[in-house]
Amino acid sequence: MDTIRFVLSFPEGLWTLTLEHLFLVGISIGVAFLVGFPLGLLLTRRPGWKRLILGFANVVQTVPSLALFGFLIPLPFIGGIGARTAILALILYSLLPIVQNTVAGISSVDPAVRQAAVGMGMTDGQILLQVEIPLALGTIFAGVRIATVIAVGVATIAAAIGAGGLGTYIFRGVAMIDNRLILAGAIPAALMAVLADVGLGWAERRLSPAYRSQKVAA
C-alpha cells in the first residue's frame, strides 16, 4: 500500500522513468536486430565463422552487467557516463539470442524445401528471401523476444551509470533503505518484462509456419 500511495503521489516521476526505460530497451533492441539478424544470415552462409562470432557473443553474456558498464565507460567516443554506454551494453547483451536464433531458424528449414526451390531455378538470394526467412520468422522472433526480456532486466542496472530508467528508483531505495522506492522501480520493470514476453510470444506464434499453415488450411 505504501508503494501505491508513493506512485500516486508522484505519477510524473514514474511515467518519466518508464519512458526512459522503454527508450533504452527500444533503441538497443532495434540496433541489435539490425546488426544481429544480418550477422546470423551471414553465419548460415559462412559456418566457419560461427565459433568466433558466437563465441564472442557468449563471452559477453557471461560478463556481469555492472562489470560490462565499467569496461565501457573509459572507452573513447563510445563510453562515458549516461545512456550511450548503457545502450551499447544492452546491444552487446542482446546480440547472442538474435544471432543464435537467426542461425537456428534458417538452419532448421527442411533441405527438401531448399532443393525444390533450386529445382525451380531460384538463386541463393531468392531462396533466402522468399523461402528460408519466411519459414524461420517464428524462431527469429523468439530470439528478439528473449533479447527484449533480457534488456528490460539489465536496463534497471543502467541507472548506476546515470542512464535513467526504472532502476533509478531501485538504487535510490537501496541507498535509503526504502522498500517503497525499490518496489516502485522493480514492479513496473517486472510488468514490462512480462508484457514484452507475452506480446512478443503472441507475435512469435503468429509467425510460426505451423500457425500460418493452419490459417491457410482454414
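Me: Why are α4 and α5 called oblique to each other?

Reply: This is a predicted model. In it, the axes of helix α4 (residues 65-72) and helix α5 (residues 83-107) make an angle of about 125 degrees. Angles of 65 to 115 count as roughly perpendicular, and those over 145 as roughly antiparallel. The pair falls in neither class, so α4 and α5 are oblique.

Me: What makes the contact between α4 and α5?

Reply: From α4 come Ser65, Leu68, Phe69 and Leu72. From α5 come Thr85, Ala86, Leu88, Ala89, Leu92 and Tyr93. The two axes lie 10 Å apart, and the crossing is right-handed.

Me: Why does Thr168 count as buried?

Reply: The relative accessibility of Thr168 is 16%. Buried means under 20%, so Thr168 qualifies. Thr168 sits in helix α8 (residues 167-176). Leaving out residues up to four places away in sequence, Thr168 touches Leu17 and Ala159.

Me: How do you know what span to expect for α9?

Reply: Helix α9 (residues 179-207) has 29 residues. The expected span is 1.5 Å times one less than that number, which gives 42 Å. From first C-alpha to last, α9 reaches 41 Å, close to the expected value.

Me: What makes Asp178 a cap of α9?

Reply: A side-chain oxygen of Asp178 lies 2.9 Å from the backbone nitrogen of Arg180. A polar contact needs N or O atoms within 3.5 Å, so this pair passes. The capped end of α9 is the N-terminal one.

Me: Which residues of α9 are buried?

Reply: Among them are Leu181, Met192, Leu200 and Glu204. Glycines Gly185 and Gly201 of α9 are buried too.

Definitions and conventions:
Residues numbered from 1 in each chain as written. Predicted model: local features only at pLDDT ≥ 70, side-chain atom pairs only at ≥ 80, totals over all residues. Heavy atoms only, no water. Helix = DSSP H or I, 4+ residues; strand = E, 2+ residues; numbered from the N terminus. Buried < 20%, exposed > 50% of the residue type's maximum accessible area, 1.4 Å probe, protein only. Polar contact = N/O pair within 3.5 Å; in protein donor to acceptor, adjacent residues only side chain to side chain. Axes fitted to C-alpha atoms, helices over the stretch in contact; angles between N-to-C directions. Parallel < 35°, antiparallel > 145°, perpendicular 65-115°, else oblique. Left-handed = near helix turned anticlockwise from the far one by under 90°. Contact = heavy atoms within 4.5 Å.
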